Amino acid sequence: MSAVVIDGKAIAAEVYEELTGRIVKLKQKGVVPRVAIIEIGEDEMSKRYVSLKENAAIRLGMECVTYHLVSSTPEKRVLDLIARLNADPSVHGMLVQMPLPEHMDTKAVLDSIDPEKDIDGIHFCNQGKLLNGEPAIIACTPRAIIHMLDRIGVDIESRHTVVIGKSILVGRPIAMCFLNRSATVSVCHTKTQNLADLTRNADILIVAAGSAKLIKADMVKEGAVVIDVGQTNIDGKLCGDVDFDEVAPKASYITKVTGGVGPMTVAMLMTNLVDCAENAAGR
Ligand code: NAD
């Protein structure tokens, strides 16, 4: 039997429906949620992601201001811009599109964002709270995955969850979110030996490696839930980390690239923005 494909677009549409009501209530209080996006350089994928985020905010009736900076922009100018946006009460959320040009200190830039406006959930304060299991702005991809699994009724507690990828922005927060939900978590990376021995033991397998079609059928347990986060641009087409055609017949639930985690990640970014605007309005 083939897996049920988790429809990220359909679940994202439900999220947008719920956000619409919350945005109406904010507007009744005179608050229009506003996001500032800083995009540095000319990376084609970055431009694509920025336009998805802009469109989502505008479709929901929120405001979005994007600052396009050339890749040679000095880091100090970016830090000054972030300081200005931090101090502007009309800006509720902010993000800096990754990756940054090589001359910039990514951590210094990200950690200069006001943690209460950090809608990507990657400021060290938010990551630290996540580590402690405290309420925090959660990074969008882990929040998206948890939301999808809760929505379709997949149990997380006690399930052996294997995360491939240990990046600060994706793999680690995913692992922490699942640990906070009392899953048993294994984190794999390029130095992991015998990767398939671990993945074959996963009840929930989350792949965020950025390595196209890394996961084949013989690496997956019968009935596993398989979540594909990877997005590799191959000749202008996005390719996931899971060999979908091979793995789908073995899994119970699976996401597709595209139409899975991607649309839900944008929906969770919008949710983080509305959360921030509500918090600011309540202050
Ligand atoms: P990254 O390059 O910073 O990290 C990749 C991680 O995967 C590293 O920890 C590395 O050790 C591990 N890895 C790579 N190849 C591996 C292999 N063959 N075996 C085991 N481990 C391996 O990338 P990232 O920023 O964490 O993003 C990961 C992927 O997720 C990328 O394809 C990115 O485009 C995608 N992504 C998707 C969304 C979405 O909304 N769907 C959001 C963010 C990132």
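**View 1. The ligand takes up the space of the largest pocket.** This is a predicted model, and we start right where the ligand sits. What fills the largest pocket? The ligand does. Count the residues around the ligand and you get 18. The closest ones are Lys-166, Ser-167, Val-229, Gln-231 and Thr-265. Now sort that shell by character: seven of its residues are nonpolar, 10 are polar and one is charged. Which helix gives the most to the shell? That's helix H10, running over residues 261–282, which hands over three residues.

**View 2. Backbone atoms of Thr-190, Val-229 and Gln-231 meet polar atoms of the ligand.** Zoom in and look at the backbone here. At Gln-231, a polar backbone atom lies 2.9 Å from an oxygen of the ligand. Over at Thr-190, the backbone also offers a polar atom, this time 3.1 Å from a ligand oxygen. Val-229 does its part with a nitrogen of the ligand: the gap to its polar backbone atom is 3.3 Å. So how much of the ligand does the protein bury? On its own the ligand would expose 860 Å², and the protein buries 70% of that.

**View 3. Met-98 and Pro-99 are joined by a cis peptide bond.** Check the omega angle of this bond and you'll find about 0°. Where does Pro-99 lie? Look in the loop that links strand S4 (93–96) to helix H4 (106–110).

**View 4. Another cis peptide bond links Val-257 to Thr-258.** Here omega is about 15°. Follow the chain and you'll see Thr-258 in the loop between strand S11 (253–254) and H10. You've met H10 already: it is the helix that gives the most residues to the shell around the ligand.

**View 5. Ser-182 has a positive phi.** What is the phi of Ser-182? It comes out near 65°, and this residue isn't a glycine. To spot Ser-182, find the loop with helix H7 (171–180) on one side and strand S6 (184–188) on the other.

**View 6. Stepping back, the chain has 10 helices and 11 strands.** Along its principal axes, the C-alpha trace spans about 50 × 40 × 40 Å. Does the radius of gyration agree or disagree with that of a compact globule? It agrees, because a compact globule of 283 residues would have a value near 19 Å, and the chain has 19 Å.

Terms used
Residues are numbered from 1 along each chain as its sequence is written. This is a predicted model: local features need pLDDT of at least 70, side-chain atom pairs count only at pLDDT 80 or more; totals for chains, interfaces and linings use all residues. Side-chain values use heavy atoms; hydrogens and water are left out. A residue is near a molecule or strand if one of its heavy atoms lies within 4 Å of it. A polar contact is a pair of N or O atoms within 3.5 Å; within protein, one must be able to donate a hydrogen and the other to accept it, and residues adjacent in sequence count only if both atoms are side-chain atoms. Accessible areas come from the Shrake-Rupley method with a 1.4 Å probe; for residues, only the protein chains shown count as cover. On a 1 Å grid over the protein atoms alone, a cavity is a set of points where a 1.4 Å probe fits but cannot get out, and a pocket is an open set with protein on both sides within 12 Å along at least five of seven lines; lining residues have an atom within 4 Å of a point. A molecule sits in a cavity or pocket if more than half of its atoms lie within 2 Å of its grid points. Helices (H or I, at least four residues) and strands (E, at least two) are DSSP runs, numbered from the N terminus. Ala, Val, Leu, Ile, Met, Phe, Trp, Tyr, Cys and Pro count as nonpolar, Asp, Glu, Lys and Arg as charged, and the others, Gly among them, as polar. The radius of gyration is taken over C-alpha atoms; the globule rule is 2.2 Å times the number of residues to the power 0.38.
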